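These are my notebook entries on selected features of the structure shown below. I looked up aromatic pairs, charges over rings, a buried acidic residue, a strand and a database annotation.

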Amino acid sequence: MITNKKPRSSDTDSNYMRDDRTEMSEDDDRSPPSDSITNDSCPTRNCTPGSGSGSSSIPEYLAPYPDQVLENVLENVLWFLTSRKDRNAASLVCRSWYRVEALTRSDLFIGNCYAVSPKRATSRFSRIRSVTLKGKPRFADFNLMPPNWGAHFAPWVSAMAKAYPWLEKVHLKRMSVTDDDLALLAESFSGFKELVLVCCDGFGTSGLAVVASRCRQLKVLDLIESEVSDDEVDWISFFPDTETCLESLIFDCVDCPIDFDALERLVARSPSLKKLRLNRSISIGQLYHLMVRAPQLTHLGTGSFSPSEDVAHVEQEPDYVSAFAACKSLVCLSGFREIIPDYLPAIYPICSNLTSLNFSYANISAEQVKPIISNCHKLQIFWVLDSICDEGLQAVAATCKELRELRVFPIEAREDIEGPVSEVGLQAISEGCRKLQSILYFCQRMTNAAVIAMSKNCPDLVVFRLCIMGRHRPDDVTGEPMDEGFGAIVMNCKKLTRLAVSGLLTDRAFAYIGKYGKIVRTLSVAFAGDSDMGLKYVLEGCPRLQKLEIRDSPFGDAALLSGLHHYYNMRFLWMSTCKLSRQGCQQIAQALPRLVVEVIKHEDNVDMEEVVDTLYMYRSLEGPREDVPQFVSILEDRHMKEGALMWKTDISARCWTTIRSVCIVNVRWVINAKYAQHMHGPYTFSGNVVVQVHVGDPLAHRVGFHWMRIPILKDMYGSDHISILVLLELISLMVKAKLIVKVGSDCAFE
Amino acid sequence: MSPENGSNLLESDAANVSFKETELTLGMPGESRGLTLVEKASGKRGFLETVDLNLGRSSNVDYDRNKDSGESETDVSSVAKPPAAKSQVVGWPPVRAYRKNAMKSCKYVKVAVDGAPYLRKVDLEMYNSYQQLLNALEDLFSCFSFTIRNYLTERKITDQEVNNSGVEYVPTYEDRDGDWMMLGDVPWKMFVESCKRLRLMKSSEATGLAPRTASKCSSSS
């Protein structure tokens with residue numbers, strides 16, 4: 001493994017990660033490479049504090065191959081490592097571990113399909129059996145992103161077809177998948193077992209037919225909230241006639257009618273089938289026949305749960321109750337897509353076994369839900385419509401003491417109506433369901449008191465998503481903003497990692513989030529905040545923030561710039577209809593070359609070039625993607641290419657493996673933060689800080705540079721974080737020592 | 001927020017260095033060092049200044065948190081109940097299109113007709129009035145020649161129906177409490193919410209039903 005000596009500019013490609021990792025490894029005492037033209041005049045060598053012998057002009061040579069036995073042992077041990085965080089950490093120990101980890105990783109998770117290319121991923125990992133890919137950002141679900149933005153599965157499936165012929169599992173979320181992609185998948189992976197498509201689109205029943213017919217080992221075919229076009233192909237009939245390995249068949253989102261007889265025969269020849277979620281074309285009579293054939297089911301989606309059009313009169317209807325009673329293993333129930341509530345009593349026999357119940361497509365009243373829910377003592381997950389009203393929620397609170405997750409969806413997703421659920425329901429839930437971990441609650445009105453109560457009663461909350469549908473709506477009783485309620489949530493719920501806010505919120509709410517939300521990873525903001533300070537509080541206060549999605553809030557360029565220290569640690573930032581300008585976004589692109597900064601234009605915005613409709617930015621090893629549609633422009637650091645750069649920046653690839661052992665700073669923007677810190681505290685970084693300073697005449701065509709490694713310093717409080725103040729102090733020391741003569745946009749160093 | 005106030009640290013060093021000259025600023029290469037960014041970085045933007053988002057939010061600009069006497073009350077109420085003319089915003093509330101579409105039809109009830117061997121189901125959400133519902137029912141069961149007594153208008157729907165072989169039916173429904181009622185008594189919305197199933201009863205059997213308040217109701221044919 002020869003270390004690449006080239007400078008770490010954005011056009012170096014292969015082995016990028018390896019090089020960086022070699023340099024930055026804490027165990028690695030070797031000096032970083034140098035590309036300085038005149039090595040003898042590098043005064044930095046003597047002045048580098050701490051470890052490292054300074055730059056060296058001796059080229060890197062191939063180290064002797066490490067002990068083979070040790071590596072074999074390592075390989076055997078690393079097989080057992082399943083957590084990807086652990087694996088990422090292990091891969092950073094040294095080259096040998098990096099290599100072995102790459103060989104032993106079997107599950108590849110890519111949270112943003114544009115963060116890394118298929119080529120890079122398949123080069124590094126050679127023995128992958130399962131791939132998870134996520135594409136579009138979540139706000140795309142709400143029509144905030146024009147269609148055909150990207151996230152195509154095609155390049156991935158082509159690369160994997162060659163690299164991983166033994167691939168077994170593909171799990172996609174918010175990706176565009178075509179029928180051709182599915183065909184290629186079906187042809188390329190003979191042992192393919194699991195296909196899970198969540199919120200995907202671009203394919204139809206013909207693609208499903210190919211998968212059904214060619215993937216003979218298929219165990220799982222799960223289509224969840226995906227858009228499937230009706231190609232008038234009855235894909236169910238394409239499963240082979242022999243016994244199948246099917247364990248899970250979920251197609252409740254597929255709106256096309258299917259041939260019921262084919263389905264019934266399929267179920268009959270799938271003895272391992274445990275999970276079956278039917279679409280709305282299946283009537284309750286048909287459901288009966290299927291249940292009778294598959295009493296071993298653990299997860300059932302009931303389809304329409306109403307009779308088809310021409311059903312016989314009541315006397316002749318089958319005994320639904322006994323069909324349900326026969327399913328002794330049923331723990332998860334959903335469906336009810338066109339429910340006629342008369343049939344609800346059929347499920348009484350299994351209520352007491354249920355751990356998960358999804359009524360979120362069933363327009364049922366409090367009266368109708370009570371007899372059901374009062375038997376669901378073991379219920380842990382409950383999704384429901386607000387048609388059950390506060391009264392229904394009170395019934396849930398009275399019985400479901402084991403409840404972990406509650407989602408209350410609106411029947412009418414509008415703003416200006418009286419809602420059936422309110423703070424009363426939330427309060428009741430908080431009092432009754434003390435083990436609650438995750439809540440999504442749509443309502444028209446809410447009070448701080450109820451939210452505060454939940455923060456105190458439900459200390460295990462990990463996910464708190466409250467959607468007060470009226471924009472800027474304050475506390476319904478006091479008229480106050482909802483700041484205190486959300487503040488209490490972040491303050492009292494120590495395990496909170498996901499938060500969605502709504503209602504009338506001032507900057508104060510964000511101050512709370514910044515102050516207390518130390519482990520928050522995902523934050524959703526809409527129509528909230530007063531000024532840039534709101535966003536600044538969050539960007540500066542939440543070190544674990546990975547996903548930030550904001551819409552229609554008054555945050556501008558200054559706020560955006562205050563997050564420069566953190567963006568490489570994030571998966572993405574989304575800001576739509578805020579107060580960003582193109583110039584502000586350009587500055588980000590300038591400062592952080594490993595960030596892809598996409599400016600997405602809204603359809604109706606023809607003229608205004610300066611105003612940014614939507615900013616979507618994410619870290620990436622690949623630079624601007626090639627499949628950019630015309631309504632997206634990617635802002636780039638122009639000057640990197642021109643070579644007129646004075647201060648160059650670079651990042652360790654480690655930044656996005658959440659190892660905080662290295663962090664590289666762009667000194668240029670740090671300076672701006674110096675002003676910002678007057679307002680609200682210093683930035684901190686941990687680990688080694690590496691600053692790349694130019695040497696030589698910057699106006700010359702080629703610019704050489706050196707590395708300066710500043711090891712961890714203790715700040716005045718004794719913590720091993722380097723505060724920006726210390727960093728600035730160092731720079732001023734460098735100035736004093738005439739290492740830097742003049743600093744700024746046109747400078748020369750010695 | 002850390003109490004650290006480091007501004008002094010740096011400023012004190014300035015004495016030894018021509019700090020102004022080496023003062024670090026942020027700017028694009030080649031750009032003059034006009035402190036555009038600094039100005040932006042300092043000073044909060046007040047709430048009022050930031051409101052130009054064109055969201056119909058201007059009604060909220062005067063939200064006054066000082067809560068002095070009645071004025072704040074009206075502000076609160078104006079904020080709490082946005083004007084009806086407020087335009088619909090894309091993607092708000094954040095319910096997936098998939099779910100919104102699935103919720104479009106969701107109030108199904110069985111319709112039984114006395115003497116018919118089969119049931120139908122209708123989605124009450126599809127209609128806005130009793131008239132529409134009754135028209136739809138007549139279409140659904142058009143193979144029967146019958147008329148539905150429409151108490152709303154005090155006359156039969158099909159005036160021109162003189163076919164005496166047609167039997168007159170009375171539309172009834174079972175409400176939440178299990179009572180059988182005649183259509184038309186309650187406002188439409190309330191009916192939709194409380195109706196559990198529909199039954200077209202032969203007029204001859206429509207006795208003992210909860211009578212309509214109007215005295216003209218005749219339950220016997």
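**Aromatic pairs.** I searched the whole of this predicted model and found 26 aromatic pairs over all chains. I then examined the pair formed by Tyr320(A) and Tyr343(A), which is edge-to-face, with 5.7 Å centre to centre and 80° between the planes. This pair links distant parts of the chain, as the two residues are 23 residues apart. I located Tyr320(A) in helix 12 (residues 320-326) of chain A and Tyr343(A) in the loop between strand 11 and helix 13 of chain A. Are the two rings buried or exposed? Tyr320(A) has a relative accessible area of 8% and is therefore buried, the cut-off being under 20%. Tyr343(A) is likewise buried, at 6%.

I next looked up Trp574(A) and Tyr616(A). Their ring centres are 6.0 Å apart and their planes stand at 55°, so I entered the pair as tilted. Here too distant parts of the chain are linked: Trp574(A) belongs to strand 20 (residues 572-576) of chain A and Tyr616(A) to strand 22 (residues 614-619) of chain A, 42 residues apart. I noted a relative accessible area of 1% for Trp574(A), which is buried. Tyr616(A) also counts as buried, at 1% relative accessibility.

Which aromatic cluster holds this pair? I found Trp574(A) and Tyr616(A) in one cluster with Tyr114(A), Phe139(A), Phe142(A), Trp149(A), Phe572(A) and Tyr618(A).

**Charges over rings.** I recorded the charged end of Arg99(B) over the ring of Tyr361(A), at 4.5 Å from the ring centre. Within chain B, I found Arg199(B) over the face of Trp180(B), 5.8 Å from the ring centre.

**Glu338(A).** I located Glu338(A) in the loop between strand 11 (332-334) and helix 13 (348-351) of chain A. Its relative accessibility is 12%, so I entered Glu338(A) as buried. What does its side chain meet in chain B? The side chains of Glu338(A) and Lys121(B) are joined by a polar contact of 3.3 Å. Leaving aside neighbours within four places in sequence, I listed the contacts of Glu338(A) as Arg280(A), Ser304(A), Phe305(A) and Ser306(A) in chain A, together with Tyr108(B) and Lys121(B) in chain B.

**Strand 1 of chain B.** Tyr108(B) led me to strand 1 (residues 108-113) of chain B. Six of its six residues are buried, so I describe the strand as largely enclosed by the rest of the structure. I checked both faces and found them covered: one side carries Tyr108(B), Lys110(B) and Ala112(B), the other Val109(B), Val111(B) and Val113(B).

I then asked which strands pair with strand 1 of chain B. Strand 2 (residues 120-123) of chain B runs antiparallel to strand 1 and is joined to it by four bridges. In strand 2, Asp123(B) is the bridge partner of Tyr108(B). I noted that these two strands form a hairpin with six residues between them, and that Gly115(B) in the turn has a positive phi of about 95°. Strand 7 (residues 197-202) of chain B runs parallel to strand 1, again with four bridges. In strand 7, I found Arg199(B) opposite Ala112(B); Arg199(B) is also the residue that I placed over Trp180(B).

**Annotation.** In UniProt, I found residues 127-172 of chain A listed as "domain: Transport inhibitor response", in an unreviewed entry. I computed 22% helix and 20% strand for this segment, with its end C-alpha atoms 19 Å apart.

Technical notes: Residues numbered from 1 in each chain as written. Chains lettered and ligands numbered in written order. Predicted model: local features only at pLDDT ≥ 70, side-chain atom pairs only at ≥ 80, totals over all residues. Heavy atoms only, no water. Buried < 20%, exposed > 50% of the residue type's maximum accessible area, 1.4 Å probe, protein only. Polar contact = N/O pair within 3.5 Å; in protein donor to acceptor, adjacent residues only side chain to side chain. Contact = heavy atoms within 4.5 Å. Phe/Tyr/Trp six-rings, centres within 6.5 Å; stacked < 30°, edge-to-face > 60°. Lys NZ or Arg CZ within 6 Å of the ring centre and 35° of its normal. Pairing = 2+ DSSP bridges. UniProt positions renumbered as here; feature names shortened; annotations may be inferred.
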